[in-house]
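Trainee: Could we go through this structure together, taking the sheet before the helices and the side chains?

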Amino acid sequence: MSLEGDYDYENIFVKILQGEMPSVKVYEDEHVLAIMDVFPQSDGHVLVIPKAPSRNLLDASAKTLGRMIGRTQKLAIAVKAALSPDGIRIMQFNGAPAGQTVFHLHFHIIPVYKGGETRAHASGQMTDMAELEIIAAKIREELNREPEHE
C-alpha cells in the first residue's frame, strides 16, 4: 500500500480497539491504546496506537501526534524500568515499501539487550498471550509508579 489512500476501517487495530480481537493491554486512555506486539522483535515489544483513525504519521493530526509521542515516551520509560534493557528502539513505518504492515498509525517500542538478537519485523510465530501478559504486568506496575512528565 502506498502512502496515500482511504483509511481501512477493517484493519486489525480497529478490531482490537473495538474489542473484536484479543490483545494484551499495557495502557489505555481516551486517546491511545498500548498493547504487546504478538509478533515481538524482542521481549517487551509494545505498540502504541491512537484511537483516532489515520493511516500513518503523514495524515495524522498534530494533536494526535502530540498525544502519541507523549504516551510513547511514558511507555518507553516504563519499559526501561520494568525490563532493564540496554537500549530502546522507537520505530514507526509509513507505507508498505518502508515496512508498514498495518495501515493504522502506530509506534513500536522495542527493548534491545546486549548480545540479544531482535527478530524481524512482523515475522515469526505468534507469542503465547500468557507470556505477553506476564511482561505487560511488569510494565503496568511501573506505569503505576511513574509520575507524569509535563
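Mentor: Before we begin, two strands are said to pair if DSSP finds at least two bridges between them. The model is predicted.

Trainee: In which sense do β4 and β5 run where bridges join them?

Mentor: Strand β4, residues 87-91, is joined to β5 by five bridges, and one of the facing positions is G87, which stands opposite V112 in β5. Two bridges are enough for strands to count as paired, and the sense in which β4 and β5 run is antiparallel.

Trainee: Which residue of β5 is the bridge partner of V46?

Mentor: Strand β3, residues 46-50, pairs with β5 in the antiparallel sense over three bridges. Along this pairing L47 stands opposite H108 in β5, while the bridge partner of V46 is I109.

Trainee: In what order do the five strands form the open sheet?

Mentor: The pairing in this open sheet is antiparallel, and its five strands come in the order β1-β2-β3-β5-β4.

Trainee: Which are the edge strands?

Mentor: An edge strand here pairs on one side only, whereas β5 pairs with β3 and also with β4. The twist averages 15 degrees from one strand to the next, and the edge strands are β1, residues 25-28, and β4.

Trainee: How many of the six residues of β5 are buried?

Mentor: Strand β5 spans residues 107-112 and is mostly covered. A residue counts as buried when its relative accessible area is under 20%, and in β5 the number that are buried is five.

Trainee: At about what angle does helix α2 run to β5?

Mentor: Helix α3, residues 129-145, lies across β1, β2 and β3, running at about 35 degrees to β1. Helix α2, residues 62-83, lies across β1, β2, β3, β4 and β5, and its angle to β5 is about 20 degrees.

Trainee: Turning to the side chains, is the aromatic pair of Y7 and Y9 stacked or edge-to-face?

Mentor: A search of the whole structure finds one aromatic pair. The rings of Y7 and Y9 lie 4.7 Å apart, centre to centre, with 75 degrees between the planes. Because planes over 60 degrees apart count as edge-to-face, the pair is edge-to-face.

Trainee: Is Y9 buried or exposed?

Mentor: Y7 has a relative accessible area of 16%, so Y7 is buried. For Y9 the relative accessible area is 55%, and since the cut-off for exposed is over 50%, Y9 is exposed.

Technical notes:
Residues are numbered from 1 along each chain as its sequence is written. This is a predicted model: local features need pLDDT of at least 70, side-chain atom pairs count only at pLDDT 80 or more; totals for chains, interfaces and linings use all residues. Side-chain values use heavy atoms; hydrogens and water are left out. Rings of Phe, Tyr and Trp (its six-membered ring) pair if their centres lie within 6.5 Å; planes under 30 degrees apart count as stacked, over 60 as edge-to-face and the rest as tilted. Buried means under 20% relative accessible area, exposed over 50%, partly exposed in between (1.4 Å probe, protein chains only). Helices (H or I, at least four residues) and strands (E, at least two) are DSSP runs, numbered from the N terminus. Axes are lines fitted to C-alpha atoms, for helices over the stretch in contact, and angles run from 0 to 180 degrees between N-to-C directions. Contact means heavy atoms within 4.5 Å.
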